[in-house]
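I opened the model today to look up a few charged side chains and the strands around them. My notes follow in the order I made them.

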Amino acid sequence: MSQHKPELKKITTLRLSAMKQEGKKITMLTAYDYTMARLVDSVGVDILLVGDSAANVMAGHSTTLPITLEQMVYHGASVVRATEHALVVVDMPFGSYQVSEEVALSSAVRLMKETGCDALKLEGGAILYPLIKRLTTLGIPVMGHLGLTPQSVHQLGGYHLQGKSEEDALRLEQEALGLEEAGCFALVLEKVPATLAERVAKRLHIPAIGIGAGSGVDGQVLVSQDMLGMEESFSPKFLRRFGQVGSAIRTAVGDYIEAVRDGSFPSESESY
């Protein structure tokens, strides 16, 4: 079993840029609560993403759309309180930046102030260039997100592979370059062909972090509960389960129920 020791220094956007230049792969996992964030951060993951996927993982919704700004503030602040090493990125939820630039700025400022996070993540391409330029000019670091953008699931017609046609691949590549020019410090490429993702990563000066985008990118991100085997009904091709935590929880709870019912818990040594 590997034992990873986190670096003493806090990860910054500048450190992530240096990691790309050094060819050192970036690790990114989701966290939505204090307990999970503290565990994951203690091992030395580079980025913790407070994803709007909390709508699915924590609340049981079928899409990310229902989660509110207030709920993202709650989850983000919980993760920040647990984190010493990782860069904490909070997703701007659906509706918090699409209505108008003023609404977007207000939402972004609130997320930064009330969570204490290090950066925000927005989904989308060319339409966001002016907003990203404004946010980064105001000192708010922004991570982009292209390919499969879950907030646009209904417009995309489902959770399908993106950038398959030559036209779509070219547009994605141009939008990635545009996001970099607009000021993004990094971007996520989700569910795109590995050859396309590698080509985009090589053209960018900023890190490209993949999920379902092959190994030719600058880093990887997974949902922690999926990677740990806590959610077993979700099994996309790109997901590797690095643990069987769901099975361990069920076994522990079963043992607890049995011990309570047969009277062996609490024992004399566990009583006052």
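Which side chain meets that of Arg203 in a salt bridge? I found Glu173, with N to O at 3.0 Å. I note here that the model is a predicted one.

**Entry 1: Arg203 and Glu173**

I placed Arg203 in helix α9 and Glu173 in helix α8 (residues 166-182), so I log this pair as a link between distant parts of the chain, 30 residues apart. Arg203 is partly exposed, at 43% relative accessible area. Glu173 comes out at 7%, and because the cut-off for buried is under 20%, Glu173 counts as buried.

While in helix α9 (residues 194-203) I also looked up Lys202, which sits there. Lys202 is exposed, with 66% relative accessible area. From the C-alpha of Lys202 to that of Leu146 I read 16 Å, with the two positions 56 residues apart in sequence.

**Entry 2: other salt bridges**

The count of salt bridges is 12. I looked at Glu70 and Arg110, whose closest N and O atoms are 3.0 Å apart. Glu70 belongs to helix α4 (residues 69-82) and Arg110 to helix α5 (residues 101-115), so their bridge ties together parts 40 residues apart in sequence. Both ends are partly exposed: Glu70 has a relative accessibility of 45%, and Arg110 has 26%. I also logged a salt-bridge network that links Glu70, Arg110 and Glu114.

Next I took the salt bridge between the side chains of Arg134 and Glu101, at 2.4 Å from N to O. Arg134 is in helix α6 and Glu101 in helix α5, 33 residues apart, and the pair links distant parts of the chain. Arg134 is partly exposed at 34%, and Glu101 is partly exposed at 31%.

**Entry 3: two acids without a salt bridge**

Which side chain of opposite charge is nearest to Asp52? It is Lys121, 5.6 Å away; Asp52 is buried and has no salt bridge. The limit for a salt bridge is 4 Å, so a distance such as this one falls outside it. Asp52 lies in the loop between β2 (47-50) and α3 (54-57). Its side chain does make a polar contact with the side chain of Gln151, at 2.7 Å. Beyond four places in sequence, the contacts of Asp52 include Thr64, Asp91 and Glu123.

I found a second case in Asp226, in helix α10 (residues 224-227). Asp226 is buried and also lacks a salt bridge, with Arg241 as the nearest side chain of opposite charge at 5.3 Å. Arg241 is nevertheless among the residues that Asp226 touches, along with Glu231, Phe234 and Leu239, once residues up to four places away are set aside.

**Entry 4: strand β5**

Why do I write that strand β5 is largely enclosed by the rest of the structure? Six of the six residues of β5 (residues 142-147) are buried. Strand β4 (residues 119-121) runs parallel to β5 and is joined to β5 by two bridges. Lys121, met above as the neighbour of Asp52, has Met143 in β5 as its bridge partner. From β4 the chain passes through helix α6 (residues 129-137) to β5, in a right-handed β-α-β crossover.

I then followed the pairing to strand β6 (residues 186-190), which is parallel to β5 over five bridges. Met143 stands opposite Ala186 there.

Notes. Residues numbered from 1 in each chain as written. Predicted model: local features only at pLDDT ≥ 70, side-chain atom pairs only at ≥ 80, totals over all residues. Heavy atoms only, no water. Helix = DSSP H or I, 4+ residues; strand = E, 2+ residues; numbered from the N terminus. Buried < 20%, exposed > 50% of the residue type's maximum accessible area, 1.4 Å probe, protein only. Lys, Arg positive; Asp, Glu negative; His and termini not counted. Polar contact = N/O pair within 3.5 Å; in protein donor to acceptor, adjacent residues only side chain to side chain. Contact = heavy atoms within 4.5 Å. Pairing = 2+ DSSP bridges. Right-handed = clockwise from strand over helix to strand, strands pointing away.
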